[in-house]
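Q: I am new to this structure and would like to learn how to read it one feature at a time. Could we begin with a pair of charged side chains and work outwards from there?

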Amino acid sequence: MHEESELVTGEAVVLDLRVAKLASRAVAMALDVVVQFALLLGAFFVLTLTVPPDDGSLALTLLLVFLVLVMVGYPVLFETLSRGRSLGKMALGLRVVRVDGGPIRFRHALTRGLAGFVVDFWTLGLFGAVAVIVSLCSSDGRRVGDFLAGTLVVRERVPESAGYPAIGMPPGLEGWASQLDLTRLPDDLALASRQFLARFTELRPEASHALGWGLAQQVGNALGVAVPPGVPPWAFLAAVLAERRNRDHARAFQAYATAQAQQAQAFAAGGQGYPAQAWPAQAYAAAPQAHPGQAPSQPFAAQQSAGPSQPFPAQPNAAPSQPFPTQPAAAEYAGSSELTPPRGTPAVENPFTPPS
């Protein structure tokens, strides 16, 4: 079972980061150590050829300088230029990030490099014993350098099944959702709603019920609409997010069609000819026009016309999950147990009357 971090940004958005544990970090460290010792051997070979044999103090000084540059400069340089990845981390698919999920900078890499050389591994670290003990005691597998720099090592290679499932339009809510003004929906609130819809079946019923009502109230307040009578919170949020996605796709499709039409006109004006077989502009003549008061037309109508038998489009290489029960119409939502707001819900946070 994969463990995920419980990091929360300043906007109260939970970050789904798969933290790297001791085993993967140890393998990445071993690869980096091999590279570092290879660099040290090369430096030693160069010194033996360039430094006079009778000048032992100069040779020792240069050797110490090369030692510090390789043991400290190597991880600092790579993690700064590649935004948190050394050669070993690249091979294992790991990356160092800040505790808020952002990319690290030079000061973070320098703090980790110095702490790794002095405390975690070499000078006082007993060849990595300190790093191993601290990492085992940390829930996120962080060593002393990570605590001092405020960083975390996460996995970049995530299986496709770990992504969020596609959210389909609940049956019977297409017309209602097409009238919404979605420009007032904040991105962080939309992300929080999407995360809830992806996992609300994994939560306990009471927790899922309370969290769903809270998000539905916030989304309703942001859009200036009330939850339709007889519609549970998950269906309300799914309708809003599905309509928002469809409009984004329609705008992108329209922009692409416009760019292709302009390119075709430029070719025609220049007298160079235009390969109609490569980019048939006629195929985009009926591109959908999306605005807050109108539902997107083709090519998204086929997706919504699937009906109760297939409310969500299939994803490539993965069977579509069904976090939402398939119900034929909004009127049948009346039998859901999620239509009652949880106890202790402040009336001031939801000016709309929830379904009873």
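A: Let us begin with Arg 244, which forms a salt bridge with Asp 187, the closest N and O atoms being 2.5 Å apart. The two residues belong to distant parts of the chain, since Arg 244 lies in helix 10 (residues 233–269) and Asp 187 in helix 8 (residues 187–199), 57 residues apart. Please keep in mind throughout that this is a predicted model.

Q: What does the relative accessibility say about Arg 244, and what does it say about Asp 187?

A: Arg 244 has a relative accessibility of 22% and therefore counts as partly exposed, a class that begins at 20% because buried means under 20%. Asp 187, at 59%, counts as exposed.

Q: Which residue forms a salt bridge with Arg 247, and are the two buried or exposed?

A: In general, side chains of opposite charge can pair when their charged atoms come close. Here Arg 247 pairs with Glu 243, with 2.8 Å between the closest N and O atoms. Both residues lie in helix 10, four residues apart, which is about one turn of the helix, and both Arg 247 and Glu 243 are buried.

Q: How many salt bridges does a search of the whole structure find, and which residues are linked in a network of them?

A: The search finds twelve salt bridges. Arg 25, Glu 79, Lys 89, Arg 112 and Asp 146 are linked in a network, while a further salt bridge joins Asp 100 to Arg 98, whose closest N and O atoms are 3.1 Å apart. Asp 100 is partly exposed, with a relative accessible area of 36%, and Arg 98 also counts as partly exposed, at 22%.

Q: How should I read a nonpolar core, and which residues touch the most other members of the largest one?

A: It helps to ask which residues make the most contacts within the core, and then which elements supply them. The largest nonpolar core has 27 residues, and those touching the most other members are Leu 185, Leu 197, Val 219, Leu 223, Phe 236, Leu 237 and Val 240. Helix 8, helix 9 (205–223) and helix 10 are the elements that give two or more residues to this core, with helix 10 giving the most, nine residues. Leaving aside residues up to four places away in sequence, Leu 223 touches Leu 180, Asp 181, Leu 182, Arg 184, Leu 185 and Val 240. There is also a second, separate core of 13 residues, which includes Ala 20, Val 72, Val 96 and Val 153.

Q: What is the reach of helix 1 from its first C-alpha to its last, and what do its buried residues pack against?

A: One can compare the span of a helix with its expected span, and then look at its buried residues. Helix 1 (residues 22–50) has 29 residues and reaches 41 Å, close to the expected 42 Å. Its buried residues include Arg 25, Ala 28, Val 33, Leu 40 and Leu 47, and the elements that the buried residues pack against include helix 2 (56–81), helix 4 (106–120) and strand 2 (151–155).

Q: Where should I read the model with caution?

A: Where pLDDT is low, the predicted coordinates should not be read in detail. The protein chain averages a pLDDT of 76, and 69% of the residues score at least 70. Among its elements, helix 6 has the highest mean pLDDT (95) and helix 11 (residues 301–304) the lowest (38). The pLDDT is below 50 over residues 8–14, a stretch with eleven contacts in the model beyond near neighbours in sequence.

How values were computed. Residues numbered from 1 in each chain as written. Predicted model: local features only at pLDDT ≥ 70, side-chain atom pairs only at ≥ 80, totals over all residues. Heavy atoms only, no water. Expected span 1.5 Å × (residues − 1). Buried < 20%, exposed > 50% of the residue type's maximum accessible area, 1.4 Å probe, protein only. Contact = heavy atoms within 4.5 Å. pLDDT = per-residue confidence, 0-100. Salt bridge = Lys/Arg side-chain N within 4 Å of Asp/Glu carboxyl O. Core = buried A, V, L, I, M, F, W, Y, C linked by side-chain atoms within 4.5 Å.
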